[in-house]
Amino acid sequence: MNIVFLGPPGAGKGTQAETISNTKGLLHISTGDLLRQAVKDGTSTGVSAKEYMEKGLLVPDDVVLNIIAERISSDDHKHGFVLDGFPRTLVQAKALDETLRNIGERLDVVFYFAVSEDTAIQRLSGRRTCKTCGANYHVQYIPPLKEGICDKCGGQLYQRTDDKPETIAKRLRVYKEQTEGLIDYYKRNKVLKEVKGDWDVDKTYRMITKVLETIPKHHRRHKEESFLGDNSEIYS
Ligand code: AMP
């Protein structure tokens, strides 16, 4: 089963992607995490991505497409994947379609996380992230058991530089200008499903799993099969 999580920064995509990938045995691919790792490792990808990320801008398509093509074409996702934070532009969405077609696969569902701008700002400004494992918390709504320490791995929590107020505003603007149009793109492809990305993480999780139960188990597909497949009408 191949899934995309679409929505503004701060919609809760990362939290749900982590849980769903664990419970369904799917590979969680977060372009944000991959890029942050590349920056940390000082790779050439990281060097080209760093200044865009710090400014709250999108990293150029060719840089992101390189890292994603590698992950998707690898063989470590026999049950499928959850893409979190990708695609973010129409160029990326079309490239994803093509990559999947070339390996005989397709997207089963795109979950659009609908949240108000106020909620997104509140979430991002209170978010704390683990330096070691990347797990996310919120100072008020999802606090760790011990302040500043990750419950999962004991790593140190920090505030991402792009979660500072001035960069948050920029990221939300960039989302509106460059990513929001993908909602219509996937609606037209009849794979879009809207979920309310509210504060009730369990409720959102239940809504997602309910939709996933209606999707037949993922099979590697042959190139000549239609991209949308037979279950596309469920989302029309
Ligand atoms: P995220 O963790 O998904 O909020 O991503 C953090 C930052 O990484 C974004 O603000 C962008 O600068 C960059 N980034 C992540 N995913 C993409 C993408 N698909 N296309 C372009 N830039 C991206």
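# Close-up views of a predicted model

**View 1. Leu157 in strand 7 is the bridge partner of Cys130.** The model shown here is predicted. Strand 5 covers residues 127-130. This strand pairs with strand 7 in the antiparallel sense. Two bridges hold that pairing. The sheet around the pair is open and has three strands. Their order is 6-5-7, with antiparallel pairing. Strand 6 and strand 7 are the edge strands, and each pairs on one side only.

**View 2. Five strands form an open sheet with parallel pairing.** The strand order is 2-3-1-4-8. Strand 2 (27-30) lies at one edge and strand 8 (192-196) at the other. Each of these edge strands pairs on one side only. On average, neighbouring strands of this sheet are turned by 20 degrees against each other, direction ignored.

**View 3. Strand 4 runs parallel to strand 8.** Strand 4 spans residues 109-114. Five bridges join the two strands. Across this pairing, Phe111 stands opposite Lys193 of strand 8.

**View 4. The ligand has 16 residues around it.** Those that come nearest are Thr31, Arg36, Leu57, Arg88 and Gln92. By class, the shell holds seven nonpolar, four polar and five charged residues. Helix 2, residues 31-41, gives the most to this shell. Its share is four residues.

**View 5. Thr31, Val59 and Arg88 each place an atom close to a ligand nitrogen.** For Thr31, an N or O atom of the side chain is 2.8 Å from a nitrogen atom of the ligand. Val59 uses its backbone instead: an N or O atom there lies 3.0 Å from a ligand nitrogen. Arg88 brings a polar side-chain atom to 3.0 Å from a nitrogen atom of the ligand. Taken alone, the ligand exposes 470 Å². The protein buries 95% of that area.

**View 6. A salt bridge joins Lys152 and Glu18.** The closest N and O atoms of the pair are 3.6 Å apart. Lys152 sits in the loop between strand 6 (136-138) and strand 7 (157-158). Glu18 belongs to helix 1, residues 13-24. The pair links distant parts of the chain, 134 residues apart. The structure holds 11 salt bridges.

**View 7. The peptide bond between Phe86 and Pro87 is cis.** Omega is about 0 degrees for this bond. Pro87 is found in a loop. Strand 3 (81-84) comes on one side of that loop and helix 5 (90-102) on the other.

**View 8. Lys190 has a positive phi in a residue other than glycine.** The value is near 60 degrees. Lys190 is found in the loop between helix 8 (182-188) and strand 8. Strand 8 is also an edge strand of the five-stranded sheet.

Definitions and conventions:
Residues are numbered from 1 along each chain as its sequence is written. This is a predicted model: local features need pLDDT of at least 70, side-chain atom pairs count only at pLDDT 80 or more; totals for chains, interfaces and linings use all residues. Side-chain values use heavy atoms; hydrogens and water are left out. Two strands pair if DSSP finds at least two bridges between them. Axes are lines fitted to C-alpha atoms, for helices over the stretch in contact, and angles run from 0 to 180 degrees between N-to-C directions. A residue is near a molecule or strand if one of its heavy atoms lies within 4 Å of it. A polar contact is a pair of N or O atoms within 3.5 Å; within protein, one must be able to donate a hydrogen and the other to accept it, and residues adjacent in sequence count only if both atoms are side-chain atoms. Accessible areas come from the Shrake-Rupley method with a 1.4 Å probe; for residues, only the protein chains shown count as cover. Ala, Val, Leu, Ile, Met, Phe, Trp, Tyr, Cys and Pro count as nonpolar, Asp, Glu, Lys and Arg as charged, and the others, Gly among them, as polar. A salt bridge is a side-chain nitrogen of Lys or Arg within 4 Å of a carboxyl oxygen of Asp or Glu.
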